[in-house]
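Here is a short tutorial on reading a protein model, set out as a dialogue. The learner asks about one feature at a time.

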Amino acid sequence: MRRSLKEAIDELKARLKTAEARRFPVSGLKGAAFALLMREAVLGLERPIVAVAPCAREAEALAGEVALFLGDEGGNEALARMGHLLPAWEAPPLAPVSPSVNTQAAQFAALFALLRARRPLVITSVEVLMTRTLARRNFAASVVRISPGEQIDLEGFIETLSDAGYQRVPEVEELGDFSVRGGILDVFSPAHARPFRLELDAETVVSLRSFEIGTQRSLGPMEEAVVIAARYVAAKSLKERRLSERVGARGAEIGLLKKELAETIEALDNGLLFPGVELLLPYVYPAGLDTVFAYLPEDTLIWMHE
């Protein structure tokens, strides 16, 4: 029996209300029809959806098509978008290669949407679901909201940014950067399409505006700015003595070459974010990591693509 995309979603909605079935297969879709069906699901079901593609490349392609149909393309804020791509690390397992800052930021923006958006659509791949990420409690602890008129301890806020993996630079140019000039603080958070600039009078936020990276010129005012984690590993966390001890003990246990182990310990002691430092996440967070499933709201619909 042939059905329109809207009819298929209406039937799915009815089944979800009655808990008639836990599986609802849909076949016969070609080209962009799958993305159109997902658009209808987002608008019609009004519940969180996680779409899982077989591989990272297909997840990216699907996310691009869905963004077009939802009107999400462009520079929308993280929570203003309905669709979010949770990308893969783009690095072979156990390779000494770090995911780019943009990839890490996109992952955190998608996780943030799962925690805070009303009905997010997150598109990802099997590869991502098999990879551990920050524990939900650690990620939630990185979230800070700022509004004009609030009181902020500048030194304390700088410490918070450093803990969340932000890098202090002379001028903000990419995600995860922040700079300080007197009572002016520039931050580029993954929760926003553009960096924001807050001005302090003593400890009071008197101005909060977004700004353009190329010109560094302020744009429109913001009612609220949100800071979330920018990197999996903060440079300052590498200098903790316990981390060097844990990595040293494990390296000796598995027979790591002395030269290689010594170079790693030296990089940790100097707080250097060397390529592949994310492989040390279990030692940076000894209390444990989580899977993406720990972030899913209870009524999340899992959408298996092909």
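The turns below go through a helix, its surroundings, some strands, a cavity and a few single residues.

Q: What kind of model is this?
A: This is a predicted model.

Q: How do I check the length of a helix, and what span should helix α2 have?
A: A helix rises by a set amount per residue, here taken as 1.5 Å. Helix α2 covers residues 33-45, which is 13 residues, so its span should be 18 Å. The C-alpha atoms at its two ends are 18 Å apart, which agrees.

Q: Which residues of α2 are buried?
A: A residue counts as buried when its relative accessible area is under 20%. In α2 the buried residues are A33, F34, A35, L37, M38, A41, V42 and L45.

Q: What do the buried residues of α2 pack against?
A: Their partners are the helices α1 (5-18) and α3 (56-70), together with the strands β1 (49-53), β3 (121-125) and β12 (301-304).

Q: What follows α2?
A: The helix is followed by E46, which sits in the loop between α2 and β1. The phi of E46 is near 55°, a positive value in a residue other than glycine.

Q: How do I read a sheet, and in what order do the strands of the open sheet lie?
A: Strands of a sheet pair through backbone hydrogen bonds, either parallel or antiparallel. In this structure four strands form an open sheet in the order β2-β3-β1-β12, and the pairing is parallel. The edge strands are β2 (83-85) and β12, each of which pairs on one side only. Direction ignored, neighbouring strands of this sheet are turned by 25° against each other on average.

Q: How many bridges join β2 and β3?
A: The two strands pair in the parallel sense over three bridges. One bridge to look for is that of L85, whose partner in β3 is I123.

Q: Which strands does α3 lie across?
A: Helix α3 lies across β1, β2 and β3. Its direction is at about 160° to β3.

Q: Do β6 and β7 run parallel or antiparallel?
A: Strand β6 (residues 177-181) and strand β7 (residues 184-187) run antiparallel, and four bridges join them. R181 stands opposite I184 in β7. Two residues lie between the strands of this hairpin, where G182 takes a positive phi near 65°.

Q: How does β5 run relative to β6, parallel or antiparallel?
A: Strand β5 (residues 167-168) runs parallel to β6, and two bridges join them. R168 stands opposite F178 in β6.

Q: How many cavities of 30 Å³ or more does the structure hold?
A: A cavity is a space where a probe fits but cannot get out. The structure holds one cavity of 30 Å³ or more, and about 90 Å³ of space lies in the largest cavity. Its lining has 13 residues, of which W89, Q107, V128, T131 and Y232 lie nearest the centre. The elements that give two or more residues to this lining are α4 (101-116) and α5 (126-129).

Q: Is A202 buried or exposed?
A: The relative accessibility of A202 is 72%, so A202 counts as exposed. A202 is in the loop between β8 (196-201) and β9 (204-211), and its phi is near 65°, a positive value in a residue other than glycine.

Q: Is T264 buried or exposed?
A: T264 has 18% relative accessibility and therefore counts as buried. T264 is placed in helix α9 (residues 258-269). Leaving aside residues up to four places away in sequence, T264 touches V247 and F274.

Definitions and conventions: Residues are numbered from 1 along each chain as its sequence is written. This is a predicted model: local features need pLDDT of at least 70, side-chain atom pairs count only at pLDDT 80 or more; totals for chains, interfaces and linings use all residues. Side-chain values use heavy atoms; hydrogens and water are left out. The expected span of a helix is 1.5 Å times one less than its number of residues. Buried means under 20% relative accessible area, exposed over 50%, partly exposed in between (1.4 Å probe, protein chains only). Contact means heavy atoms within 4.5 Å. Two strands pair if DSSP finds at least two bridges between them. Axes are lines fitted to C-alpha atoms, for helices over the stretch in contact, and angles run from 0 to 180 degrees between N-to-C directions. On a 1 Å grid over the protein atoms alone, a cavity is a set of points where a 1.4 Å probe fits but cannot get out, and a pocket is an open set with protein on both sides within 12 Å along at least five of seven lines; lining residues have an atom within 4 Å of a point. Grid points are joined across faces, edges and corners, and a volume is the space filled by probe spheres set on the points.
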